[in-house]
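This briefing is meant to be read with the sequence and the coordinates at hand. It takes the chains in turn, then the contacts between them, and closes with some backbone details.

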Amino acid sequence: MTETARLLADDPIWLVLIKVVGTFAFLVLMTLLTIWAERRVIGRMQHRPGPNRAGPFGILQSLADGLKLAFKEDIRPVLADKWIYILAPVISATPALVAFSVMPIAPRVTLFGEETALQLVELPVGLLVVLAAAAIGVYGIVLAGWSSGSPYPLLGSLRSAAQVISYEIAMGLSFVAVIMYSGTLSTAGIVEAQEGGWFFALLPFSFAVYVIAMVGETNRAPFDLPEAESELVGGFHTEYSSLKFALFFLAEYINMVTVSALATTLFLGGWHAPWPLSLIGDGVLNTGWWPALWFLLKTIGFLFLFVWLRATLPRLRYDQFMNLGWKVLIPLSLVWICAVTVIRGLRNAEAVSAQQFLLIGGGAIAVLLVAAFLIPDRPPQEPEEPQAPLSGGGYPVPPLDLQVPQTPRRRTPVSSGASVAEHPQTRSPEGDEGGNSSTKEAPDGSV
Amino acid sequence: MGVTTQTGAVILAQQSIAPPPIHYSAIAPVLIVLGAACLAVLVEAFVPRRLRWSVQVGLSLCTLVAAGAWLVVYARGEPMGLTTLADTLAIDTPTLFLWGTLLVLGLASILLIADRSVEPGGAFVAESSAAPSPSPRAASGGSTGGTATSIAPAPTPAPARATASVAEMRTEVFPLGLFSLGGMMVFCAANDLLTMFIALEALSLPLYVMCGLARRRRLLSQEAAVKYFLLGAFASAFFLYGLALLYGYAGSVELSAIADATAGSLRSDTLLFAGLGLLVVGLLFKGSVGPFHMWTPDVYHGAPTAVTGFMAACTKVAAFGAILRVLHVAFEASSWEWHWVLWTVAVVSMVIGAVLGLTQSDIKRMVAYSSIAHAGFLLIGAITLTDEGLSATLFYLLAYGVTTIAVFGVISLVRTSEGEATHLSAWSGLAKRSPLIAWVFTFLLLALAGIPLTSGFMGKFVVFSAALTAGMAPLVVIALVASAVAAFFYLRVIVLMHFNEPAPDGPTVSVPGAFTTAAITLGVVVTLLLGVLPTPVLDWASVGGFVS
Amino acid sequence: MLDPYIPLVLMFALALGFAVFSVAIAPLVGPRRYNKAKFDAYECGIEPSPQPTVGGGRMPVAYYLTAMLFILFDIEMVFLYPYAVSADSLGMFGVAAVVLFIATFGFADLYVWYRGGFEWN
């Protein structure tokens, strides 16, 4: 049981309620400020002022936008699946708000006379709460696209879901080394474990993977393919308007805040003061409300990184993006985990015992694996290699109108009776001059 | 709640956990098979397509031989039965016997699967799917020639035909087969229900895929695969549900713990019998015992013949190995309450197999129904719950499996230009065209019917005598009647082959390649040997029972 | 002393309440001006294309592949986390086991990779 958990266990219910409302307000406020800051910063990076009318420095701009959204007409397309269409923004926004609850903002503060931790919940499985919330958020995306009854949102949601789940794996794998070093899944425990040194220095590769994955996970530039305006209009929420759209928007920005806070927690020492400051006054800057400041500064740093990336980098192509995830981040993460495991194991083992032979075997396999992954990717197509058309909108199914071919003369074996053959679709979808238009399937939805 | 968990975690972090002891030499055959399966996956990934077939065949055969050799060496050391891997696997004499059987049958099946001369290029698809989008690959792809002609008005260009005739099969079937075989080996050695369930999945999932790989009659093959998959998923669910109920009853998934719980306790028998019932349904499904046989004819019919042989022989061995272990180890004490249920099942299975087998006009479906009848006979041996019955059932499994694989090997040889000629009418007068094959097939069918001097007779003899000793005379009488009825449809095929005139456009008999020849020869020789000299094998099968 | 999960439940309730409220209030505060075009699917053409997408529509198979791969790797993570938490107490045996586990996964990964499972276009 961590120190934080003990502190939190004594919280009276009114304090819990205040913290719940406070967390909620903080997240909404962060969303408004982040949107505003993003537009200002990007404006500055592009040599234009950005929003500067509503309030001082235009700071009320996003609030005004939000209010405006509330008074827009709420449209539901006829073809939409009513209840799922309504439910999708709820599914998207709710877990986003919940995920932030486990972030340890400050370890010990006095709030209304009660000594407590600036953290809503401290659980032994805190990290899993974040992952679970992220996983449920994907449902919102998929269901929104599916239920809209319109091709653009559907394609956008498929892309988006594929992207989020691909990068969720890389993200989850980057946690493993952190968990191994802190020995716990609790967020406060992980922060405490970084007292001696922050994990970004100890586990640089995990940190790099996480930072890339968090951008992919939140569908932000340069990985904002689902919202590629030039191809897919607005992505999965094309058909949404009014407050339903606002909820998706809110969820996206809250997710940004959450992943930034998580990056801070896991790799940047959470609420710990940065190095030279942490020496001042025997760590006085790590007590009281100071930690909240460090935490916020680090989180805002990551949010700035998001904006910076958006202003700087062009959008990736879908295949480049997926290749980065599946062919670079995930395999290297696995190799990295193996390496960390073995090194840690060797360091901890007092006397390497009879398990040596197992270990050597495992090490050899790991080396093999590294070597295998380092072998350059095959030249695009080995001409003789028939590959399953896994992408490009093909469906590897036998033709439904399979006609049994005429029995040819005996002893003309293979080429004759074989059945799975070129589909009628081998020809272009519109060219059904062959008169078997009945077999035509839906046009390829290649993405 | 959370507090206790966390305190637990803290304590956990402080003490180090001792790893369970592992008897590597005892489980080496499984490790060899599964390791080779992993290796075969890598071969698929890295070896160029030209070489894949030869590498895969070599690897698979070497694996089976190596595992078999290790098994022989280990078994000759007169090992004590032991449990290992934290009591999840029990390596005892029945396990070793079943492993040996599985490896022999697996070897024969791999030989059949590997054959590329009967069906040029092999009996398996050259592409895992037809390319539905226009691509250069589609034209050069394997068996596309014929059907493409029938669909597209323009004739297929000549180069496509040329390549089509040499298109080789995909070789994924070898790693799939090895994984399945590894799963089967674990399945009949599993000492707790959870391990058994995982092994069940490991053996089933590759089989589902293998069923859908036939080069010819793609739709039938894929239908078979889907059917098998859906029903198999149901059966797995039944098994899992039964497992859950038994866990609720005994508080453990270990077979020995369940046995302890059944031996005189005041716990709810509802949980026990509901759990046992569901569990056994899952197992009987895999063994294609009637009335849980619905999938068998369709799947045997649709799957590539070599895979059918693998399924019919190896899956049955694994399933009955598991049934034997579960009944003997976990439920012996409660047998008085459940044995009549399995009596009924055995009777139903024999009757269904024998009677419906009579009406079949397709040879593969006929063999499928024959396998259902045989499953009934095997079940008789399994529910005797005596050591004699155990060894008899083990012997029967070996005898039946070897014969069946050879039967499917022969079936794959009789062909027309459209592929295998499985309709019975095509087989008439086969003896006049190809006497050797006809006589071999006659011998194998006689073995299935249980005529003396064949392994089938010895198998039935030992099983029925064990059942008589155990006081199951009525069941034996029914079994004898059923085998007499079943003998009729085997004899019908024999009569058809030998005394009818061949059809004018009847099938030809392909000259089998070395692999198929080897598999059929192995089957015939073993069938004969077990019929004439069953003693050594019977002796091996009867040394010792299960440990747990 | 409160159950540590109670704040999480409260947060969830608040978030859900907020989201449901927003969704429910939207049609009430917004204007309503009927226009047939608003209820069509958003498309560039004059007539929206027929809708194969909702219900019974088929999606590109590549996404199914991604989903299956995701499940596999997610399961891998599910096994790696408990190991990571108790890595120290499992000693070298745990190291060997987990490396073998990852390696076995790596084989399948390599197979998918080299046979074109990761080709997106």
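Helices here are DSSP runs of H or I with at least four residues, strands are runs of E with at least two, and both are numbered from the N terminus. With that in hand, residues 61–84 of chain C are 100% helix and 0% strand, and the C-alpha atoms at the two ends of this span are 34 Å apart. The model is predicted, and the points below should be read accordingly.

**Chain C and its annotated spans**

- UniProt, in an unreviewed entry, places the feature "transmembrane region" at residues 6–29, 61–84 and 90–114 of chain C.
- For one of these spans, residues 90–114 of chain C, the model gives 100% helix and 0% strand, with the end C-alpha atoms 34 Å apart.

**Contacts of chain C with chains A and B**

- On the side of chain A, 101 residues are in contact with 74 residues of chain C.
- The elements of chain C that give two or more residues to this contact with chain A are α1 (6–29), α2 (61–85) and α3 (87–114).
- Sorted by class, the side of chain C that touches chain A holds 53 nonpolar, 11 polar and 10 charged residues.
- Between chains C and B, the contact draws on 17 residues of chain C and 15 residues of chain B.
- Here α3(C) gives the most to the side of chain C that touches chain B, namely 11 residues, and that side is made up of 10 nonpolar, 4 polar and 3 charged residues.

**Chain A: overall make-up and one helix pair**

- Chain A has 16 helices and 2 strands, and of its 447 residues 51% are buried.
- Of the contacts in chain A with a separation of 6 or more, 77% are between residues 24 or more positions apart.
- Helix α11 (residues 242–267) of chain A packs with helix α13 (residues 290–312) of chain A at an angle of about 125 degrees, and their axes are 8 Å apart.
- Because an angle from over 115 degrees up to 145 falls outside the roughly perpendicular and roughly antiparallel ranges, α11(A) is oblique to α13(A); the crossing of these two helices is right-handed.
- From α11(A), the residues A:M256, A:V257, A:S260, A:A261, A:A263 and A:T264 meet A:F295, A:K298, A:T299, A:F302, A:L303 and A:F306 of α13(A).
- The residues of this contact comprise 8 nonpolar, 3 polar and 1 charged.

**Chain B: overall make-up and one helix pair**

- Chain B has 23 helices and 5 strands, and buried residues account for 58% of its 548 residues.
- When contacts in chain B are restricted to residues at least 6 apart in sequence, 80% of them join residues at least 24 apart.
- Helix α17 (residues 387–411) of chain B and helix α19 (residues 435–449) of chain B pack at about 145 degrees, with 10 Å between their axes, and the crossing of α17(B) with α19(B) is left-handed.
- In this pair, B:T403, B:A406, B:V407 and B:V410 of α17(B) meet B:I437, B:V440, B:F441, B:L444, B:A447 and B:L448 of α19(B).
- The contact of α17(B) with α19(B) has 9 nonpolar residues, 1 polar residue and no charged residues.

**Backbone details to inspect**

- Most residues other than glycine have a negative phi, and most peptide bonds are trans.
- In chain B, the peptide bond that joins B:G290 and B:P291 is cis, with omega about 0 degrees, and B:P291 is placed in the loop between α12 (269–286) and α13 (295–302) of chain B.
- A:F57, although not a glycine, has a positive phi of about 55 degrees, and its place is in the loop between α2 (13–45) and α3 (61–70) of chain A.
- A:F57 counts as partly exposed because it has 15 C-beta neighbours inside 10 Å.
- A:F112, also a residue other than glycine, has a positive phi near 50 degrees, and A:F112 is found in the loop between β1 (106–111) and β2 (114–118) of chain A.
- A:F112 has 9 other C-beta atoms within 10 Å and is therefore exposed.

Notes: Residues are numbered from 1 along each chain as its sequence is written. Chains are lettered from A and ligands numbered from 1 in the order in which they are written. This is a predicted model: local features need pLDDT of at least 70, side-chain atom pairs count only at pLDDT 80 or more; totals for chains, interfaces and linings use all residues. Axes are lines fitted to C-alpha atoms, for helices over the stretch in contact, and angles run from 0 to 180 degrees between N-to-C directions. Angles under 35 degrees count as roughly parallel, over 145 as roughly antiparallel, 65 to 115 as roughly perpendicular and the rest as oblique. A crossing is left-handed if the near helix is turned anticlockwise from the far one by less than a right angle, and right-handed if clockwise. Two residues are in contact if their C-beta atoms, placed from the backbone, lie within 7 Å. Ala, Val, Leu, Ile, Met, Phe, Trp, Tyr, Cys and Pro count as nonpolar, Asp, Glu, Lys and Arg as charged, and the others, Gly among them, as polar. A residue is buried if 20 or more other C-beta atoms lie within 10 Å of its own, exposed if 12 or fewer, and partly exposed in between; C-beta atoms are placed from the backbone. UniProt positions are given in the numbering used here, feature names are shortened, and annotations may be inferred rather than shown by experiment.
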